[in-house]
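User: I want the reasoning behind the labels on this structure. Take me through the cut-offs one at a time.

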Amino acid sequence: MGVILVNILEVSCPGLMCNHVTWVNNVMTQKRLKLCVLIPAHWEAIMGGSQYQVKILLDRLIPTGKYDIYYLARRIKPDFHPKGYTIIKIGDPNGIGRYAHFFDGLKILRTLNEIKPDIIYQYVGCSYTGIAAYYSVRSGCNMVWRIASEVDVQPWNRLISRNMIFNFFEKKILEYGIRRARFIVGQTRYQGQFLERHYGRKLSALVPNFHPFPKESIQKTDPVKVLWVANVKRLKQPQVFIQLARDLQDIENVRFIMIGLESYEEAWQAKLVSEIDAINNLSYLGGLPQSEVNKHLSESHILINTSEYEGFSNTFIQAWMRRVPVVSLNVNPDDVFKNGRLGYCADGDYLIFRQHVKNLVEDSVLRETLSKQTQDYAFKHHSEKNMDVLVDLLGK
């Protein structure tokens, strides 16, 4: 493992160029291409935004019959049986593996060597990015990396913690991948700017997140429903939403609803649930399938985001498509909230954040005005047509 990590961590490899002859020949002869999707989790195990984007992409690729698809992940649902592709478990999220993804390195390299893929599609910036690039530059296969967050393309945060050494190696291996991936695809202009500023590379393509159009009936009835949707993690700051519901308890005709997979931090999760139970206008529904999340969005009036940071949140798009404006505490990708047409961003100021929510709850005319604008915007800028560029990069 040590030798492999040393090689992966080499950030300067003069003269080392990827030979893409095999990939080109396969495209020219229309041979079914072997595509490996490499991502920490499968959507049946954890449904986050990145997993949902991969699901939509595979729903597009599988019916074409052009690919033999292998989905490589450490978190999988054991009793799930995929149709049209193969799932391979490539690591263990428990034990020492919970501290870093690079512990999966040997298993990933062995698996890739057995499959001999023509294309690797890697999503979520972590050591998997560097491991995939390491294999790619030595095997001659193609590699496409899609940025999931602005943090992926910013320098390492030297925050002192017990995981500091693991985080350092994770970042260095990721940076190797950033420098060696053949194609890099961004979600936002800001991601491209960070990529160029910190790593001297330009985006191969800018592909905004894509979603299918709603199938649910969109109906907004009383009471006003304020929704929070995220897996319960510290960076998502669910405690801020709980505080918001507590602060607005005196407003009649409003319900606050939380949806999200429970945290693995049991004590913290229990504390949050105890606080939720003490607030009469707040409900926690736990983790729900994507279809049920969309149904709740179709019946809701406001979506709340309290994350410290995100890429381009998929729940923004799901909400906008269902005529739901967003109020964000911190996250404002490419300044989408600048003109107030899609909702508001408080730039980290809780009092301003709370006031935006209060205004929307109490002003039905304002909500209705924004709801039409959000759907028009999402249909125009975030349809499945955005996938076309990505599919081309994968060898269409």
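Analyst: Start with contact: the word means heavy atoms within 4.5 Å. One caution first: this is a predicted model.

User: What is Asn-280 in contact with, leaving aside its neighbours within four places in sequence?

Analyst: Gln-249 and Arg-255. Each counts as a contact of Asn-280 because contact means heavy atoms within 4.5 Å.

User: Where is Asn-280 found, and why is it called exposed?

Analyst: Asn-280 is found in the loop between helix 9 (266–277) and strand 10 (282–284). Its relative accessible area is 61%. Exposed means over 50%, so Asn-280 is exposed.

User: How far is Asn-280 from Phe-256, C-alpha to C-alpha?

Analyst: The two C-alpha atoms are separated by 9.4 Å. Along the chain, Asn-280 and Phe-256 are 24 residues apart.

User: Back to helix 9: which label does Val-273 get, and why?

Analyst: Val-273 is found in helix 9. Its relative accessibility is 27%. Buried means under 20% and exposed over 50%, so Val-273 counts as partly exposed. In space, Val-273 and Val-226 are 18 Å apart, C-alpha to C-alpha. In sequence, Val-273 and Val-226 are 47 residues apart.

User: Now salt bridges. How many does a search of the whole structure find?

Analyst: The search finds 18 salt bridges. Side chains of opposite charge can pair when their charged atoms come close.

User: What makes Arg-32 and Asp-68 a salt bridge?

Analyst: Their side chains meet at 2.6 Å, N to O. The cut-off is a Lys or Arg side-chain nitrogen within 4 Å of an Asp or Glu carboxyl oxygen, so the pair qualifies as a salt bridge. Arg-32 lies in the loop between helix 2 (21–29) and strand 1 (33–38), and Asp-68 in strand 2 (residues 67–73), so the pair ties together parts that are 36 residues apart in sequence.

User: Are Arg-32 and Asp-68 buried, exposed or partly exposed, and why?

Analyst: Arg-32 has 41% relative accessibility. Asp-68 has a relative accessible area of 27%. Partly exposed lies between the 20% and 50% limits, so that label fits Arg-32 and Asp-68.

User: What makes Asp-104 and Arg-74 a salt bridge?

Analyst: The side chains of Asp-104 and Arg-74 meet at 2.8 Å, N to O. The limit is within 4 Å, so this is a salt bridge. Asp-104 lies in the loop between strand 3 (86–89) and helix 4, and Arg-74 in the loop between strand 2 and strand 3, so the pair ties together parts that are 30 residues apart in sequence.

User: Buried or exposed: which word fits Asp-104 and Arg-74, and why?

Analyst: Asp-104 has 4% relative accessibility. Arg-74 has 4%. Buried means under 20%, so Asp-104 counts as buried, and so does Arg-74.

User: How do you know that Arg-354 and Asp-247 meet in a salt bridge?

Analyst: The N to O distance is 3.1 Å. The definition asks for within 4 Å, so the pair passes. Arg-354 lies in helix 12 (residues 350–362) and Asp-247 in helix 8, so the pair ties together parts that are 107 residues apart in sequence. Arg-354 is partly exposed at 28%, and Asp-247 is partly exposed at 29%.

User: Which residues are linked in a network of salt bridges?

Analyst: Arg-60, Lys-385 and Asp-388.

User: What makes the patch with Lys-107 one of positive charge?

Analyst: Arg-75, Lys-89, Lys-107, Arg-110 and Lys-233 gather there on the surface. Lys and Arg count as positive, so the patch is positive. Lys-107 is in helix 4 (residues 105–115). Its relative accessible area is 39%. Patch residues need over 30%, so Lys-107 passes that test.

User: What stands out in the backbone at Asn-253, Arg-323 and Pro-223?

Analyst: Phi of Asn-253 is near 65°, positive in a residue other than glycine. Asn-253 lies in the loop between helix 8 (238–247) and strand 9 (254–259). Phi of Arg-323 is also near 65°, again positive outside glycine. Arg-323 is in the loop between helix 11 (314–321) and strand 12 (326–328). The peptide bond from Asp-222 to Pro-223 is cis, with omega near 0°.

Definitions and conventions: Residues are numbered from 1 along each chain as its sequence is written. This is a predicted model: local features need pLDDT of at least 70, side-chain atom pairs count only at pLDDT 80 or more; totals for chains, interfaces and linings use all residues. Side-chain values use heavy atoms; hydrogens and water are left out. Patches are made of residues with over 30% relative accessible area and no salt bridge: like charges are joined within 9 Å, nonpolar side chains (Val, Leu, Ile, Met, Phe, Trp, Tyr) within 5 Å. Accessible areas come from the Shrake-Rupley method with a 1.4 Å probe; for residues, only the protein chains shown count as cover. The place of a charge is taken as NZ of Lys, CZ of Arg, CG of Asp or CD of Glu. Helices (H or I, at least four residues) and strands (E, at least two) are DSSP runs, numbered from the N terminus. Buried means under 20% relative accessible area, exposed over 50%, partly exposed in between (1.4 Å probe, protein chains only).
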